[in-house]
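Me: Please take a close look at one part of this chain, the salt bridges and the elements that carry them. Set that part in the context of the whole model, and keep it plain.

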Amino acid sequence: MEGQLCANLEISVEKPPGASPPSFIALLKVYRELLVSRIRNTQCLIDNLIKNDYFSTEDAEIVIQFPTQADKVRKILDLVQSKGEEVSEYFIHVLQTVTDAYYELQPWLDEIGYKPSENICSKPVVNTDPVSRYCQKLRYELGRDSKFVMSYAQREEMLLEEIYSDSIMELVSFTNESLGKVCQLEALFDDAVGLINEDGETIYVFGDAGIGKSILLQKIQSLWARKQLEIGAKFFFRFRCRMFSCFKEDEAICLKDLLFKYNCYPDQDPAEVFHHILQFPHTVLFTFDGFDEIYSNFDLSSVPEMCSPNEPIHPLVLLVSLLRGKLLKGSKKILTARTGTEIQRNIIRKKVLLRGFSSNNLKEYTATFFKDEGQRTLVLNQLEANPNLCSLCSVPLFCWIIFKCYEHFHSMFDSHELPDCSVTLTDVFLLMIEVHLNRSLKTSLLKNNTRSQAEMFKSRKETLLALGKMAYKGMENSFFIFEQEEVSSVNISEGDLQLGFLRTVKGYSGCDNQCTYEFLHLTLQSFFTAFFLVIEEKVGAKELLQFFNECSSTETAQPTCLRIPWLKKQLAGKDPFRNKEHFHFTNLFLCGLLSRSKQKLFRHLVLPAVIKRKRKTLITYLGESMKSHLKGVTRSRLPNYNQVQVQPNFVWMLRCLYETQSEKVGKLAAKRMHANYIKLTYCNAYSADCGAISFVVHHFQKRLALDLDNNNINDYGVKQLLPCFSKLAVIRLSVNQVTDHGVKILYEELSKYQIVTFLGLYNNQITDVGAKYVAKLIEECSSLEYVKIGANKITSEGGKCLAQAIQKSKTMFEIGMWGNQVGDEGAKAFAEALRNHPTLTNVSLAFNGITTEGGKSIAEAMQHNNSVKIFWLTKNELDDEAAMSFAEMLKVNKKLVHLWLIQNQITAKGVKYLSEALKENTAIKEVCLNGNLISQEEAKAFENEERIICF
């Protein structure tokens, strides 16, 4: 109807040249009810009509007296039309110019093709719409707030644009299987990729501490503020979840105040702005950072599931209602949390896993951080020479800390060499503390400070102890926000605050007139907690080990933890909410600080006898803990192997052992495993963890198997495994971001020792370059029997190299190439490799773009093969002609047992060829043809041949 009206109007409006101008009065009459229903703001129209002397103050008073918005619009239309064509056209001009306020009318304005006259263009239009003005204010304030990032080096602020660098973001399923990479931030909101629950409203972003969750949200905030994030969001409200812990149990607040008071308050008509938000929730974007950091004794189970947007209620109820879609249903939400915080599926729309820096990301970040090419080259060279540091740099936070330390020592000593070649995370954090303290000292213009690390720490012992005491008090209760009273109670002075370990934060509770503080990062609070446990002489064995007990406890949750019914319970009796990563980091730093290499540092801070006692307590506990843990793991007996399947917590144990740098502890751990097949799949292991794995594994006396599938190892991790390769007969690194560079390292190392039998590299980032290294390994290493290299980026060139190597090998048993793109040229090369091969038994060339030409070559070659038992050719482009060739092969080859031709282009005609061939072949057990061009009716013709499987 609306379109028809427009069409009719255009006949009368679009006159031939020289005709009288169109009637804007008539236009307003025709579309009167449309305008009445879609104009939601009258004040902006009145203000502009008065400003240009089209309305008098009496006119405005007449309009305002009407009770409803619709009646106000009707009266404005009456007055405008009564004042003639010029006023009527100006009225339309305002609607077109103030797009934020009248965006619902923009399609109509486009449809009628309105263009203002020269006279009307000269008339000013001012946007006085409170919603539009609030959006502008919100963009300004969020843009200002997101412009800088707090550095980890003494209260420096750095421009976000100068230090932000992309990292690996992966869309995953509910079971954390990859659904593809996020290349642009807009893709987070694009339902075409990664959607796993269309009823959910929350994009759940997770990853380890320091992996870049908060800075990602800051980047999104910055893009939105600059109108560079085109996702249809007019409003952006951001919250840091740990701040909800500040609210007292009896506090109540309404949704309007939660949005406006803790983000940005409208200058005009807040009720109108809030009403607009309630009416159009799809225009709102929320970010909730650090969901795992909420700790409160408020019991959500005591409140009703539904809540009103207008009635005051506890802020946590508002938060949960927003996430569940009970309030502002249809709004966009991003929720971040640390790995291990599992949330019920029904609120999640997408899951995004942050994996940190790839090798290319790290190079880009290095180039961003070090502008001077000479400095950049020095840093990259040292990272290349030190796999430990390089692996730590894959975590953005640790990379930032390391780079700031490089920068400091370059300014102090004109060198990028880090003292004592730091290799553990404890070393890096000690170095960061030293840099903070060093920068606080006054130095002359001609003489740099040359105090040793031990002297520096000794001179600021009281400060470090005070910070540690406060960190410890917070860690005991999982509190991350500290009020001024708590800071003062441990004697932290204003000068101590200037060191930059703490920063002020905006409070969410009734303490707005006082400063509240937090450590610059959660890991820094963990470090100071561990530091306190070491240098406080009164700390006994129970206190020293209390956070280990927190990590291993399976008791019912303490009442200080937030109880949320819809949070997913992983194990009965365990707290379904609390993430324990902050405890794990505390334990890790404790192991590092009590390592033998740190005794020289701590003898200036605490009596040697105290350190010795605490170290003995820790080492004894680690030994017993390892023994206890390994008793409970799943064990399996495989041919030639005793397998042990460990859990993600085991990785934290390895990290702690590594921080001790005790060879004795490493040997003991290896001895107590009582296995020669270590399965560490789905353990969220990063490249830096490979140093910890090597620390234990290299103590094994015999050959062993190491399964690291489905982690985040990448090339740096492969390099960290160097001490292990002389022992590894089986190495599985599938789904681990490994590139050609990592494959080169594998070739160089594995070819030295000639003992590897199984190489798993499925679903990585390997191209033809890497395929050539694998081919050389197959040729040179006679022990290699199994190669899994599917789902990579290998084309016909790499396929030919692999096929030629397999042709020369006398030991190859299985080759897995699923999901590459070797095509017909690669298929022909594999056909030659198959011809008369003595040992090859299992072959997968599924999903490789092989057409009839390649299929015929394979079928012909298989007539001359007596070793292959299983052949997968699923998801190719094989048709009836290829099926005929395979039928001829089956008449000759009596060794093949399983032939998979699923999801090709074979019709009933091709199936008939294969069925006829089976009359001459009793050896083959199945020919799988599911997903081909065969109807269920056509398949009935082959029911008597049970080995033909069509459905």
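Reply: What follows starts with the chain as a whole, turns to the salt bridges, and ends with some other local features.

The model is predicted. Its secondary structure comes to 42 helices and 25 strands. The chain has 951 residues, and 57% of them are buried. Its accessible surface is about 39,800 Å², with 50% of that belonging to carbon and sulfur atoms. Of the contacts between residues at least 6 apart in sequence, 79% join residues at least 24 apart.

Now the salt bridges. Side chains of opposite charge can pair when their charged atoms come close. With a cut-off of 4 Å between a side-chain nitrogen of Lys or Arg and a carboxyl oxygen of Asp or Glu, the count comes to 36 salt bridges.

One of them lies within a helix. D71 and R74 meet through their side chains, at 3.0 Å from N to O. Both belong to helix α6, and because they are 3 residues apart there, about one helical turn separates them. D71 has 27% relative accessibility and so counts as partly exposed. R74, at 27% relative accessibility, is partly exposed as well.

Helix α6 also has a helix partner. Residues 69-82 form α6 and residues 85-97 form α7; the two pack with their axes 6 Å apart, at an angle of about 135 degrees. The pair is therefore classed as oblique. On the α6 side, the residues in contact are I76, L77, V80 and Q81, and they meet V87, S88 and F91 of α7.

A second salt bridge joins R238 and D145, whose closest N and O atoms are 2.7 Å apart. This pair links distant parts of the chain: R238 sits in strand β6 (residues 235-240) and D145 in helix α10 (residues 130-145), with their positions 93 residues apart in sequence. D145 is partly exposed, because its relative accessibility is 35%.

A third example is D709 with R732, where the closest N and O atoms are 3.2 Å apart. Here too the pair links distant parts of the chain, 23 residues apart: D709 is in the loop between β16 (704-707) and α34 (714-720), while R732 is in strand β17. The two ends of this bridge fall into separate accessibility classes. D709 is buried, at 7% relative accessibility, whereas R732 is partly exposed, at 25%. The cut-off that matters for this pair is 20% relative accessible area, under which a residue counts as buried.

Some salt bridges share partners. R240, R242, E293, R503 and E518 are joined in this way into one network.

Strand β17 leads on to a backbone feature. The strand covers residues 728-732, and the loop between it and α35 (740-753) contains V735. V735 is not a glycine, yet its phi is positive, at about 55 degrees. Its relative accessible area is 16%, so V735 counts as buried. N640 is another residue other than glycine with a positive phi, near 75 degrees. N640 lies in the loop between β13 (634-638) and β14 (641-645). Unlike V735, which is buried, N640 is exposed, with 72% relative accessibility.

A positive phi also occurs just after helix α15, at G325, where the value is near 85 degrees. Helix α15 itself, residues 315-324, is mostly covered, with 9 of its 10 residues buried. Those buried residues are P315, L316, V317, L318, L319, V320, S321, L322 and L323. Their cover includes three strands, β5 (202-207), β7 (284-289) and β8 (332-338), together with helix α13 (255-261).

The last feature is on the surface. Y762, W818 and F847 make a nonpolar patch of about 250 Å². Of these, Y762 is in the loop between β18 (758-760) and α36 (768-780). Y762 counts as partly exposed because its relative accessibility is 31%. Patch members need over 30% relative accessible area, and Y762 has 31%.

Terms used:
Residues numbered from 1 in each chain as written. Predicted model: local features only at pLDDT ≥ 70, side-chain atom pairs only at ≥ 80, totals over all residues. Heavy atoms only, no water. Patch = residues over 30% accessible without salt bridge, like charges linked within 9 Å, V, L, I, M, F, W, Y side chains within 5 Å. Areas by Shrake-Rupley, 256 points an atom, 1.4 Å probe, with all protein chains shown as cover. Helix = DSSP H or I, 4+ residues; strand = E, 2+ residues; numbered from the N terminus. Buried < 20%, exposed > 50% of the residue type's maximum accessible area, 1.4 Å probe, protein only. Contact = heavy atoms within 4.5 Å. Axes fitted to C-alpha atoms, helices over the stretch in contact; angles between N-to-C directions. Parallel < 35°, antiparallel > 145°, perpendicular 65-115°, else oblique.
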